[in-house]
Amino acid sequence: MAPNTVTITDNRTNQSCTLPVENGNIRAMDLRQLKTIPEDFGLMTYDPAFMNTASCRSSITFIDGDRGILRYRGYPIEVLAEHCTFLEVAYLLLFGELPTEKELNNWVHEITYHTMLHESTKKFMEGFGYNSHPMPMLVSTVAALSTLYPGARNIHDAANRLLQIKRLIGKMPTIAAMSYRHTLGLPYVYPDNDLSYTANFMNMLWRMVEPKYVANPVMARALDILFILHADHEQNCSTNAMRSVGSSHADPYLATAAAAAALAGPLHGGANEAVIDMLGEIGSKDNVPNYIKKVKEGHGRLMGFGHRLYKNYDPPARIIKRTAEQVFEVTGRNPKLDIALELERIALEDDYFVKRKLYPNVDFYSGIIYQAMGFKSEMFTVLFAIPRTAGWLAQWQEMLTDPEQKIARPRQIYTGHEIREFVPLEDRGPIAAATH
Ligand SMILES: CC(C)(COP(=O)(O)OP(=O)(O)OC[C@H]1O[C@@H](n2cnc3c(N)ncnc32)[C@H](O)[C@@H]1OP(=O)(O)O)[C@@H](O)C(=O)NCCC(=O)NCCS
């Protein structure tokens with residue numbers, strides 16, 4: 001059998017070293033033995049955007065982009081979306097196993113009894129302008145929870161960590177709904193403990209003067225499925241932020257706020273908003289061929305198509321398409337769906353998209369569903385942040401309990417000046433225009 005090693009020859013020195021290969025990887029630190037002189041720092045790798053660097057070992061989520069596979073703790077996402085509730089999946093992500101009936105009932109009870117917010121939360125919410133975007137409101141309010149729970153800093157105590165995890169998963173929909181109602185100038189609605197996680201969220205969003213809000217069960221289940229699909233996606237930008245900030249031992253409210261801030265960027269959580277804008281710009285089914293032609297000529301991209309990892313039909317996208325049909329039976333068909341279906345049909349037959357392995361991703365349909373359910377597009381990223389909190393916390397906990405992890409601190413390649421002579425203020429000339 002071939003040895004599980006890699007031998008590297010450093011042509012600068014003609015020296016060779018043999019490095020062990022573990023799980024198909026070498027350790028970057030092993031490269032440091034390659035030096036030109038003994039004082040040399042040693043060989044490093046340069047990897048902007050972590051395109052080829054594993055930053056951790058993780059047993060939470062598995063993605064095989066080429067084969068279109070997404071699994072949480074070994075269970076295919078399709079199976080979980082069909083048979084589980086979001087809270088059951090959150091339990092699986094956090095504890096590594098599916099709960100028994102008793103464990104699930106306890107878990108649901110615990111989360112339900114952590115949905116209330118301290119009354120002072122209303123006061124900081126009041127400080128935001130009515131036209132504020134709900135995502136920065138959510139980010140700031142999650143960070144502010146750190147002021148209410150100073151005990152959360154004790155991140156090395158497992159029971160304490162679990163308490164904060166329950167609080168965060170419980171309170172996220174309440175904060176999200178408050179952010180939404182604040183933009184409309186509507187009074188906040190308190191949680192209703194009789195309702196499921198998503199039905200309660202809908203109650204806090206949409207209840208007006210009726211004594212009891214009754215969520216449409218098809219819509220509540222559709223939202224639950226969307227939450228399952230968004231619960232984790234291994235080391236993406238926001239999860240990396242969660243792990244990185246958490247590695248400094250900041251409390252979980254601050255780390256979650258940092259992760260949510262990363263999610264707020266249009267390259268991460270904001271793509272489904274861009275799909276809605278694109279479908280609006282296309283306007284009708286008849287304009288689809290012309291739009292595709294323009295994309296192929298290099299004018300813009302087909303939003304909701306393509307993925308850094310998936311080079312096949314994205315598994316959540318497959319599930320979401322079915323969910324869309326169920327939602328439209330209740331809400332009536334979102335006219336944007338016909339444009340989306342036509343776009344998908346033409347693109348999947350077109351050589352340009354086939355050759356580049358560009359398939360619809362989860363964002364292609366999620367925006368259309370959210371819009372049909374009555375959400376404004378500013379809420380789309382907030383709807384992503386609620387379930388992803390479970391994934392962030394599972395990854396945070398895994399990072400904290402991994403003995404190999406330390407405070408995250410990448411290296412750099414310094415490209416600035418060598419040491420320079422200081423020039424006193426009165427002797428400095430104007431900065432050359434070229435440097436502006
Ligand atoms: C998701 C995304 C950023 C992945 O990018 P990536 O893996 O870095 O892929 P690249 O940008 O290198 O693209 C590879 C090729 O496909 C093309 N391509 C990628 N996505 C495309 C799209 N949505 N529409 C048209 N062409 C696209 C690129 O132009 C490039 O073509 P070239 O080889 O002729 O230059 C990219 O597919 C994209 O911008 N999609 C639209 C935005 C979106 O839906 N984002 C949500 C992701 S969940």
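Guide: Residues are called buried under 20% relative accessible area, exposed over 50%, and partly exposed in between (1.4 Å probe, protein chains only). This is a predicted model, in which local features need pLDDT of at least 70 and side-chain atom pairs count only at pLDDT 80 or more, while totals for chains, interfaces and linings use all residues. Residues are numbered from 1 along each chain as its sequence is written, and side-chain values use heavy atoms, with hydrogens and water left out.

Visitor: Why does Asn-14 count as buried or exposed?
Guide: Asn-14 has 63% relative accessibility, so it counts as exposed. Asn-14 sits in the loop between strand E1 (5-10) and strand E2 (15-20); helices (H or I, at least four residues) and strands (E, at least two) are DSSP runs numbered from the N terminus. Its phi is near 70°, a positive value in a residue other than glycine.

Visitor: What makes Lys-357 buried, exposed or partly exposed?
Guide: Its relative accessible area is 43%, and therefore Lys-357 is partly exposed. Lys-357 belongs to the loop between helix H15 (351-355) and H16. Here too phi is positive in a residue other than glycine, with a value near 55°.

Visitor: Why does Ser-179 count as buried or exposed?
Guide: The relative accessibility of Ser-179 is 0%, so it counts as buried. Ser-179 is part of helix H6 (residues 158-184). Neighbours within four places in sequence aside, Ser-179 has contacts (heavy atoms within 4.5 Å) with Met-125, Pro-134, Met-137 and Leu-138.

Visitor: How do you know whether Thr-115 is buried or exposed?
Guide: Thr-115 has a relative accessible area of 5%, so it is buried. Its place is the loop between H3 and helix H4 (120-126). A polar atom of the Thr-115 side chain lies 2.8 Å from the backbone oxygen of Thr-112. A polar contact is a pair of N or O atoms within 3.5 Å; within protein, one must be able to donate a hydrogen and the other to accept it, and residues adjacent in sequence count only if both atoms are side-chain atoms.

Visitor: Why is helix H7 (residues 197-206) described as largely enclosed by the rest of the structure?
Guide: Ten of the ten residues of H7 are buried, so the description applies. Among them are Tyr-197, Asn-200, Phe-201 and Trp-206. The cover over the buried residues of H7 includes helix H2 (86-95), helix H3 (101-112), H6 and H17.

Visitor: Which residues have the most contacts inside the largest nonpolar core?
Guide: They are Trp-107, Ile-169, Phe-201 and Phe-375, in a core of 115 residues. The largest share of this core, 13 residues, comes from helix H17 (residues 380-400). A nonpolar core is a set of buried Ala, Val, Leu, Ile, Met, Phe, Trp, Tyr and Cys residues joined through side-chain atoms within 4.5 Å. Not counting residues up to four places away in sequence, Phe-375 touches residues including Phe-201, Leu-205 and Trp-206.

Visitor: Which residues come nearest to the ligand?
Guide: Of the 16 residues around the ligand (each with a heavy atom within 4 Å), the nearest are Arg-301, Leu-302, Gly-304, Phe-305 and Arg-356.

Visitor: What makes a polar contact between Leu-302 and the ligand?
Guide: A backbone N or O atom of Leu-302 is 2.7 Å from a nitrogen atom of the ligand, a distance that falls within 3.5 Å. A polar backbone atom of Gly-304 lies 2.8 Å from an oxygen atom of the ligand, and a polar side-chain atom of Asn-361 is 3.0 Å from an oxygen atom of the ligand.
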